[in-house]
Number of protein chains: 2
Amino acid sequence: MRAVKSSKGQERGDRGMTIQDVARLAGVSAATVSRVLNGSGYVGEKTRHKVRDVIEATGYVPNAAARTLVTQRTKLIGLVFPTLENPVYTEILKGANDAAMDAGYSVVLGIVGEDEGASHAALLRFAALQVEGIIASNPEYHRRKNVEHLTPFMQRNAPIVHLGEPDVEHSIDGIEVNDYEGGYEVGSHLARLGHERVIIIGQDENIYVARRHDGFRTAYRDAGLTLAALRVEKADFTRAGGYEAASRIVKELPETTAVFAMNDIMAMGALEAFEHAGKAVPGDIAVVGFDGIQLGLLIRPRLTTFVIPSWEIGHTLAALLIDRIEGRYSGPAKSVIVSGRLAIRESTLGTRKERT
Amino acid sequence: MRAVKSSKGQERGDRGMTIQDVARLAGVSAATVSRVLNGSGYVGEKTRHKVRDVIEATGYVPNAAARTLVTQRTKLIGLVFPTLENPVYTEILKGANDAAMDAGYSVVLGIVGEDEGASHAALLRFAALQVEGIIASNPEYHRRKNVEHLTPFMQRNAPIVHLGEPDVEHSIDGIEVNDYEGGYEVGSHLARLGHERVIIIGQDENIYVARRHDGFRTAYRDAGLTLAALRVEKADFTRAGGYEAASRIVKELPETTAVFAMNDIMAMGALEAFEHAGKAVPGDIAVVGFDGIQLGLLIRPRLTTFVIPSWEIGHTLAALLIDRIEGRYSGPAKSVIVSGRLAIRESTLGTRKERT
DNA sequence: TTGAAAGCGTTACCAG
DNA sequence: CTGGTAACGCTTTCAA
């Protein structure tokens, strides 16, 4: 009934070859070809070989769209990140991509900036593409806004994992670094060094910033040291943000002896600002970062920072997601907390060998 | 005939809602819904509104797989990169993604390392997904191997653009930096400084390395200076590769006064090696990089480097591809050559203010 | 201006 | 062990 034989054979316009073509060439039915393709059902040795040969010879590749339509599967994962400016995101992305590819999934990119519209558009697109799950890391999320955007689009209620806290209500698994621990480690280090006036560069509203803040204070308490001053200097989570915050500190709070930036790139910005201001690090002021990007080892002084396992985080993110997609887990929202470790380097210790 | 009404209404198991559901809810036919969805054909004012309302209310999102099956379009672009380790790739990726998203396309990731198998798998996957085009940057390609892998998979002969040289035979557009110019600029800079023993860190077989080499030599000739020595020290294009090469140089060719690394991360590695060996940069030896990643401004000494417009390169890559996809261009392989500019910084000039 | 129906390439069920 | 056929959700003639 279908004019399937109308074409001469291998070629149908500029469309690729179909399972029908393969079937015809192998002298079997499409159903059979499908079986050898998917290794499902019984297929005779000889038939299987014949089909395999034709596939090999023609370079036939099954059409994912058609397959999706019937199986409802795409093996696609959507990734929503605000930016790749911060290398830590690149590392996480890499981890996620590695895990995904190993499991036969592909990652579709959604780098959306801080723009609500772009994020919305990406999510819509993902929904249309029938991605089977979403990896999200949206700063907005922390402000409790974007979950609402996230869920409605997942019509086949595709699972979501979040780089950050889990969301029990919506069964969104979360994986995050142990922020309290991080703050604590940094705190005891700085306490040990006797710093009494320190400033956190970041944003207090962030739940994880708050937790680091917490750990930090506790470390001081445990160390029996009192902080003459501890405040949060608000800044964008970018290098420029760190630079500006540090500049303000130089001007307005010159008695500060240490700053704790909430990520490494802000710390780098701060380092620059101090350099420009003629402040020696760590001589005049100590600097600590968070994340442990490679970069911290290349600059001088090397950056003391709380190193998080970024690749593993990305890998876990994808692994958790795929566990849900493939039904290996379907319980309540999981919360994975990974540990980091403090890397003590010159920006707080300062052999200052290069300075004399 | 189809038991489409069997479900109660909005919900059909965990499948999303379909165009049929919308049609039924709006009291029109699927065809009409399709028309308002795509703005094709005539639709009455009232009808259009009714349909729009239902779509809005239900949050219906059309199924891309089904649409693809009939339109043969996916608005998907496959991206094959060897790594994201080098920040320059991240910047290019960002440029490509931005251009793609603006044009309504999504990028599917294929970070494949140096592994032939992974690359092959990614390409197969892309073919299955019916990506409409491919952005490739495969080192293998330079060795004239992978084009063969690339083309057969593109059954609908999806266009390919290459980060590197074009391929006239296969109509693969190429965009690359003006390597000759880069080499020349670096050459004249180093010549002006009077360096007569310099080593290129990289690989001579690379066509672009060869071109930089060329430009470099010419610059010296034009400057009327003779090089007492110029050779290429083989190295992996990684930080470790740069480190090792530089270490070898320190040991075996201590009279060298300048090195020209073929990318910034190798230059960083070299910087580290020299630091460990107690060689002052630029006092004992000058270092020049290539790419102009941000990082070069954060380290001390700041890295002199040939800055390429990475974001723009990525953007152009995607733009060229989309031009072909949408039929705005279908001529022979284009070759886009972009210029860079030499950023002269402390690793060659050396105020050396931090050293005394 | 709208609807009916065919068809896109695949899988899955049911006979045989 | 194999083939026929319906169905997946959508777009696109073709009629009305």
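Modeller: A residue is called buried if 20 or more other C-beta atoms lie within 10 Å of its own, exposed if 12 or fewer do, and partly exposed in between, with C-beta atoms placed from the backbone. This is a predicted model, in which local features need pLDDT of at least 70, side-chain atom pairs count only at pLDDT 80 or more, and totals for chains, interfaces and linings use all residues. Residues are numbered from 1 along each chain as its sequence is written, while chains are lettered from A and ligands numbered from 1 in the order in which they are written.

Colleague: Which residues of α10(B) are called buried?

Modeller: They are Tyr208(B), Val209(B), Arg211(B), Arg212(B), His213(B), Gly215(B), Phe216(B), Ala219(B) and Tyr220(B). Among the elements of chain B that cover them, through contacts (C-beta atoms within 7 Å), are β5 (173-177), α9 (179-192), β6 (197-202) and β8 (258-261).

Colleague: What makes residues 207-222 of chain B a helix, and what span should α10 have?

Modeller: A helix is a DSSP run of H or I with at least four residues, a strand a run of E with at least two, both numbered from the N terminus. The expected span is 1.5 Å times one less than the number of residues. For the 16 residues of α10 of chain B that gives 22 Å, and the end C-alpha atoms are 23 Å apart, which agrees. Just after α10(B) comes Gly224(B), with a positive phi of about 70°.

Colleague: Why is α9(A) called largely enclosed?

Modeller: Because 11 of its 14 residues are buried. Asp179(A), Tyr184(A) and Leu190(A) are among them. Helix α9 of chain A reaches 20 Å from first C-alpha to last, close to the 20 Å expected. Gly194(A), which follows α9(A), has a positive phi near 85°.

Colleague: How do you know what relation links chain A and chain B?

Modeller: Superposed by least squares on C-alpha atoms with pLDDT of at least 70 in both copies, chain A lies on chain B with an RMSD of 0.1 Å after a turn of 180° and a shift of 0.0 Å along the axis. That is the relation of a two-fold axis. The same surface serves both copies, as 100% of the contact residues of chain A recur in chain B.

Colleague: How many residues does the contact take from each chain?

Modeller: It takes 41 residues from chain A and 41 residues from chain B. Elements of chain A that each supply at least two include α5 (87-102) and α6 (116-129).

Colleague: What makes a residue count as near DNA strand C, and how many surround the strand?

Modeller: Its C-beta atom, placed from the backbone, must lie within 6 Å of the strand. There are 31 such residues, and Ile19(A), Ser34(A), Ala66(A), Gly44(B) and Thr47(B) are the closest.

Methods. Contact = placed C-beta atoms within 7 Å.
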